[in-house]
Amino acid sequence: MAGKPKLHYFNARGRMESIRWLLAAAGVEFEEQFLKSPEDLEKLRNDGSLMFQQVPMVEIDGMKLSQTRAILNYIAAKHNLYGTDIKERALIDMYSEGIADLNEMTMRFPLYPPDQKDANMTKIRERTTNRYFPAFEKALKTRISNLPPVKKFLQPGSQRKPPADPKASKATRELFKI
Ligand code: GTS
């Protein structure tokens, strides 16, 4: 049996976190070699382990993979988490590229000087709420609304309640003194 994948990165989330998540989702145990000093990174560079002198780097199946997305794609394909045809794969790529863009923004947040934090947080919130999460909510809504019991509950005439009517809510609250 092949050994566990070995992850080379800092002892932090950064770009490696999505790789950790994917391995966890695939049920794959992994080892981590944390870079503790600039010398540790230099050593990897000098022994030719890093194609572009950068981390993340993952040792897996006899290879030393770098470039986050290449690593993710390899692991996803290996564990049947990368679609069943090229159309599904294109869709998965769109979602994961969107998240990579968002991750790029949030990953840098702790490094911003205090006078830039508020403006950046506002931008992150705005993009998360209006651009990224809606795409995922839309996909999940479609999937969830297709579950047979949920589909039934969404039909007119079910016991589902309509959105709150402010007047009726106020009257109820007054009646129950809540
Ligand atoms: N496109 C690469 C990827 O996605 O893996 C970028 C990798 C990258 O920029 N890594 C940084 C690095 O090694 C570390 S971090 O940004 O993930 O913290 N930088 C050193 C260098 O020489 O570029």
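Is Arg108 buried, partly exposed or exposed in this predicted model? Arg108 is partly exposed, as its relative accessible area is 35%. The legends below describe close-up views of the model.

**Figure 1. The salt-bridge network of Arg15, Glu104 and Arg108.** Salt bridges link Arg15, Glu104 and Arg108 in a network. Within this network, the side chains of Glu104 and Arg108 meet at an N to O distance of 3.1 Å. Glu104 and Arg108 both belong to helix H4, which spans residues 86–108. Because the two residues are four positions apart in H4, about one helical turn separates them. Glu104 is partly exposed, with a relative accessible area of 30%, and Arg108 is likewise partly exposed, at 35%.

**Figure 2. The salt bridge between Arg20 and Glu17 in helix H1.** The closest N and O atoms of Arg20 and Glu17 are 2.8 Å apart, and the two residues form a salt bridge. Arg20 and Glu17 are three residues apart in helix H1, so they are separated by about one helical turn. Arg20 counts as buried because its relative accessibility is 11%, below the 20% limit for that class. Glu17, with a relative accessible area of 22%, is partly exposed.

**Figure 3. The salt bridge between Glu42 and Arg45 in helix H2.** In helix H2 (residues 38–46), Glu42 and Arg45 are three residues apart and therefore separated by about one helical turn. Their side chains meet in a salt bridge with an N to O distance of 3.1 Å. Glu42 is partly exposed at 35% relative accessibility, and Arg45 is partly exposed at 30%. The count of salt bridges in the model comes to 10.

**Figure 4. The open four-stranded sheet.** Four strands form an open sheet in the order S2-S1-S3-S4, and their pairing is mixed. S2 and strand S4 (63–66) stand at the edges; each has a single partner strand, so one side of each is left without a neighbour in the sheet. On average, neighbouring strands of this sheet are turned by 20 degrees against each other, direction ignored.

**Figure 5. The parallel pairing of strands S1 and S2.** Strand S1 (residues 6–9) pairs with strand S2 (residues 31–34) in the parallel sense, over four bridges. His8 stands opposite Gln33 of S2, while the bridge partner of Tyr9 in S2 is Phe34. Helix H1 (residues 17–25) joins S1 and S2 in making a β-α-β unit, which is right-handed.

**Figure 6. The antiparallel pairing of strands S1 and S3.** Strand S3 comprises residues 57–60. S1 and S3 run antiparallel and are joined by three bridges. Lys6 has Glu59 as its bridge partner in S3.

**Figure 7. The nonpolar surface patch of Leu140, Ile144 and Leu147.** Leu140, Ile144 and Leu147 make a nonpolar patch of about 270 Å² on the surface. Leu140 lies in helix H5, which covers residues 114–145. With a relative accessibility of 48%, Leu140 counts as partly exposed, and this value is over the 30% that patch residues must exceed.

Terms used
Residues are numbered from 1 along each chain as its sequence is written. This is a predicted model: local features need pLDDT of at least 70, side-chain atom pairs count only at pLDDT 80 or more; totals for chains, interfaces and linings use all residues. Side-chain values use heavy atoms; hydrogens and water are left out. Patches are made of residues with over 30% relative accessible area and no salt bridge: like charges are joined within 9 Å, nonpolar side chains (Val, Leu, Ile, Met, Phe, Trp, Tyr) within 5 Å. Accessible areas come from the Shrake-Rupley method with a 1.4 Å probe; for residues, only the protein chains shown count as cover. A salt bridge is a side-chain nitrogen of Lys or Arg within 4 Å of a carboxyl oxygen of Asp or Glu. Buried means under 20% relative accessible area, exposed over 50%, partly exposed in between (1.4 Å probe, protein chains only). Two strands pair if DSSP finds at least two bridges between them. A crossover is right-handed if, with the strands pointing away from the viewer, the path from the first strand over the helix to the second runs clockwise. Axes are lines fitted to C-alpha atoms, for helices over the stretch in contact, and angles run from 0 to 180 degrees between N-to-C directions.
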